[in-house]
Amino acid sequence: MAPKLLVADDEEILRMLIVDTLEDDGYEIDEASDGGEAYNLIQSNDYDLVLLDYMMPEMTGLEVIKKVRDEGKEEVKIMMLTAKAQKKDEEIARQAGANYFISKPFSPVELAEVVEGILSE
Amino acid sequence: MNKRWKTSLSKQFIWFMSGFLVLILLSAIALGVYSQSVEQKYRTKVNQLRTEQQYAVQLEDSLNHMFFEARGYLAFRLESPFLNEYRKEQETIDQKIDDLDERITDSDQSAFIEDLRKYLIRYDSLLNQAMTFVENDSTSGLRSLSQGGGGSDLVYTMRDRMRELVRSIEDEIYSTEEELIERLSNIQFLFVVFVIFLLLIATIIAGIMARRIGKPLQELAVASSQVSSGESVEMPHVRREDELGELARAFNLMVSNIQQNERALITTNEALVKQSEELKGSKSELEQNVQEMNVQKLVLEHRNELNRSLASTLNKNELLQSIITNMIYILNSDKGLVVMMNQGRDYASLGIRQDKVHEWIDSMMDGPVVKVIDQKKHHIVRRTMTAGEGGYHDGVGHSSDLYLPILSDDSVVAILCITRIGKDFNNQELQQISGLSGQISLALDKLRLYETTENERMVNMEILNTIREGIQLVDREGTTRAINNQMCTMLDTCFPEGDQEKSYGEWSKKFLQQVDSKDRDAVQEYICNVIAGVKPKQSELIYQANGEASLFIQMYYEHIYNADKFIGSIFVHRDITREHQVDEMKNEFVSTVSHELRTPLSSVLGFTELMLSKELKPEKQKKYLNTIYKEAKRLTSLINDFLDIQRMEAGKQNYEKKPVNLQEIVEEVLDSYRINATKHSFFIEDLTDCYELIGDADKIKQVFNNFISNAVKYSPDGGSIVIRFYEKQGNLFVDIEDEGLGIPEDALSKLFTKFYRVDNSDRRQIGGTGLGLAISKEIVTAHGGGVTVTSALGKGSTFTLSFPLTTKKEMQPEKSDDEMDAAVLIVEDDDSLALLLMEEITENGWSVHHCRSGETAIKLLETMNPQGIVLDIMLDGRMNGWDVLKAAKEKEHTKDIPIFVSTVSEEKQRGFDLGASDYLIKPYPPKKLTKSLIKSLVNKTNNGKILVPDYSIEDTEEGS
């Protein structure tokens, strides 16, 4: 069965970029355009990896992570994919419970490799 | 008894009264007894008489009865009953006569009784004769008997005599009554006499009493009133022995005592007066002594006072005033002054007018002062006293002026000049003065020293206070030695009572309270180390202070050494809040910018990389390229906006301000949207005629571009966008109203913040940098205006911009250029048609002004003078084209302007009747209008008006 991924970003173009980058690798990909939607999807699905933007309407990526982790969903792997690229932003994200952190702009090729690496762990 | 009588007035009075009463009583009893006996006598007599009368009457009756019986017998000759009755009656009569006889006292009556007895015997004998005749039936004997007259006459006589008796008894009763009445009247008379007698006696007694008591009492009263008014009285010697006599004697004794006492008192009084005079003499002597003592005391007091102020006063004016005041008292002088020989010629005076003092000081170097300064010893000038000093005295006296130098280090530091009027200074006083001058000089030296240090201190403090940093000087114990104003204002750590020299415990408590709790421990440790002379870990410290506002303060220190000995520390507190804020803002800005740039950059880089690394279909490639292009453009506009906002915030944005017409700008912006808009329709409501303001046209265009593009962007489902102009209180307001998504309530306040974008996925699809509104607001604010917003979620938003209007006066020339002299006025509510016509007309070289309502047209015509009017009939608002036509033709200054009616209505005749120059029925080719215009206007040129085409149409062309 193909690994299941969730891409959450309020920028449609970026979602398209991520999805286009990863779709050739045979993943099943869901999309969410804001934090709330992302949270709901995480609740109702078992994703192998969640790619979360930081700045999103409704709930920020950070809030989504905190809520998910607070509710005991420790097993979901979450990757923070954000334009907040400073060192302290990464620290905050990891503290909240992000497993991976990639800053924008990112290289799609690298992203694909990282995702592949994570999913084959 | 006689003695008691004589000594008691009350007894005399009682005796008199009791005698009087006894007399009354006795007389009354006598009178009573007498009247009683009279009455008694009367009653006895009357009773006796009445009994007599009764017997007499009964006797009379019996007689009559006897006669009647006798006659009966004689007449009827019946023995029984008449003769029996007669015998019975005879016996009764005899009995009664006896009874009567017993009672009768009167001799006449006794005689009558005797007679009566005799008569009765005769009558009986007669009757016996008669009876014999009767027994014999001798009528003739009877007749002769009766005719002989014996019987009847006797009866009649007896009867008469009987009556007489009764009458005489009655008379007697009557006379007895008369006698009684007479007696009673006598008694009454006696009673009256008795009453008069009593009154007489009472009067006599009263007279006697009055003489015996009233007179001496009156004499006593007069005498005592004389005594009380102080006259001497000699009372006549009274021989009486009663109370009055005693009173009089006592009075006399009292008077004589009083007179004696009075004489004694007078003597004593004289002695006392004498003593008092002696005492007065010694008292005035004592008073004089006391006065002298007081003067000495006052002098001593003033000496004390002078010593005290010399020793303790550090205020120069106070000291000088004290010196002169006390010296004048000590020397018992009248006036004087003290002048310091310093630059300012500080002085103090007593008893001299201010202007005189100044005059004296100004000219003192011309007088004796020079000599005093040179010789450095006192100098006395003896002179005639001035009129003022002499006061009201006429005589010529003299005054002495004492000039006394105050020496310090062998130079004169002050001069005292003291004047004494009418008396010289003696040697003893002058000696005293030299001692005092030494003291004064010491005090002045001290004062000078104090002033110098005080001045230095003030200068130091002044320097400290001008420094912008808060500075606090503490000694080795941590006690504050000096603190500048800045420290107080910055941190509110000072104490209100001026005395800031507080121990470490006191000031640090107040100070540390202001330090934010997160920094407090570090600050305390730092301060403690510094005070102890230990170098703290960091040479400076930044802390946050929470006073009225939150401040960021940088604190550093410096240890102070005096001859290599650590004596204290200086703390310097520098307010770096502004730098801190700027720093924070910079960081935030950089971080935000980096975030905002990274997003489009991600797309550009990502898709490029995808294109490079993947084999893609041509459609996908094109899609990617388009995306890359769009994102790159977004990146560009972001960078432009960043630069704008950066410039504006740095205050480096230059505005090329000149008069602009806001309506034209808005029209221009709108045109570009009109062309592309498919879902939106645009409306302009102009509720004003003033669009003129001073501003940078390009920047204002940017503002409207931003607002109108927002209105379009945030109403994705289309709708109308209304732009409304109106004037209020000298400001031109522009509403930009859309029927879009609206803005949530909580977002309204943050709307104009940089990078703020309403969080909503609907909106995320709508691109933007989040800087547009911030930039727009900056621009409008730079023009002196403002931006406000109202919004209802789901219904739309209204942004209201305001710009201050330039005053009419300012704008007058501008207005005349493009409005007043516009050749053609188009009144048309259909903007597109108006635009079409305007293009047509301007192409032909005329300037055009367009308005949408009849009211505006009429208002415009008051000031502008167009050469033609193109008038629609169906207009918005209250006035239609007919109304405008009529109004224009009615007014003197507009009635000659040719009016071209342009309408769908076919009431051609009505138009011409109202004075229209031409009537064009829509739709018509625009050329037709220009032809008509040319025709009409050329005609007008003949009347002397020359039509000059206006080339200010370029703007309009550009905008269209």
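The legends below describe three close-up views of a predicted model.

**View 1. The contact between chain A and chain B.** In this predicted model, the contact is built from 22 residues of chain A and 21 residues of chain B. On the side of chain A that touches chain B, α1 (12-23) and α5 (108-119) of chain A each supply at least two residues, and α1(A) gives the most, with 6 residues. Sorted by class, this side of chain A holds 10 nonpolar, 4 polar and 8 charged residues.

**View 2. The surroundings of Asp53(A).** Asp53(A) is found in the loop between β3 (49-52) and α3 (61-70) of chain A, and an unreviewed UniProt entry annotates Asp53(A) as "modified residue: 4-aspartylphosphate". Because 28 other C-beta atoms lie within 10 Å, Asp53(A) counts as buried, the cut-off being 20 or more. If its neighbours within four places in sequence are left aside, the residues in contact with Asp53(A) are Ala8(A), Asp9(A), Asp10(A), Gly61(A), Leu81(A) and Thr82(A).

**View 3. The open sheet of chain B and the helix that packs on it.** The sheet has 5 strands in the order β7-β6-β10-β9-β8 (chain B), with antiparallel pairing. Since β7 (480-483) and β8 (540-546) of chain B stand at the edges and have a single partner strand each, one side of each is left without a neighbour in the sheet. On average, neighbouring strands of this sheet are turned by 25° against each other, direction ignored. Within the sheet, 10 bridges join β9 (residues 550-562) to β10 (residues 565-575) of chain B, and Met555(B) has His573(B) in β10(B) as its bridge partner. Helix α15 (residues 517-531) of chain B packs on the sheet, where it touches β6 (470-475), β8, β9 and β10 of chain B, and its direction makes about 130° with that of β8(B).

How values were computed. Residues numbered from 1 in each chain as written. Chains lettered and ligands numbered in written order. Predicted model: local features only at pLDDT ≥ 70, side-chain atom pairs only at ≥ 80, totals over all residues. Contact = placed C-beta atoms within 7 Å. Helix = DSSP H or I, 4+ residues; strand = E, 2+ residues; numbered from the N terminus. Nonpolar A, V, L, I, M, F, W, Y, C, P; charged D, E, K, R; others polar. UniProt positions renumbered as here; feature names shortened; annotations may be inferred. Buried ≥ 20, exposed ≤ 12 C-beta atoms within 10 Å, placed from the backbone. Pairing = 2+ DSSP bridges. Axes fitted to C-alpha atoms, helices over the stretch in contact; angles between N-to-C directions.
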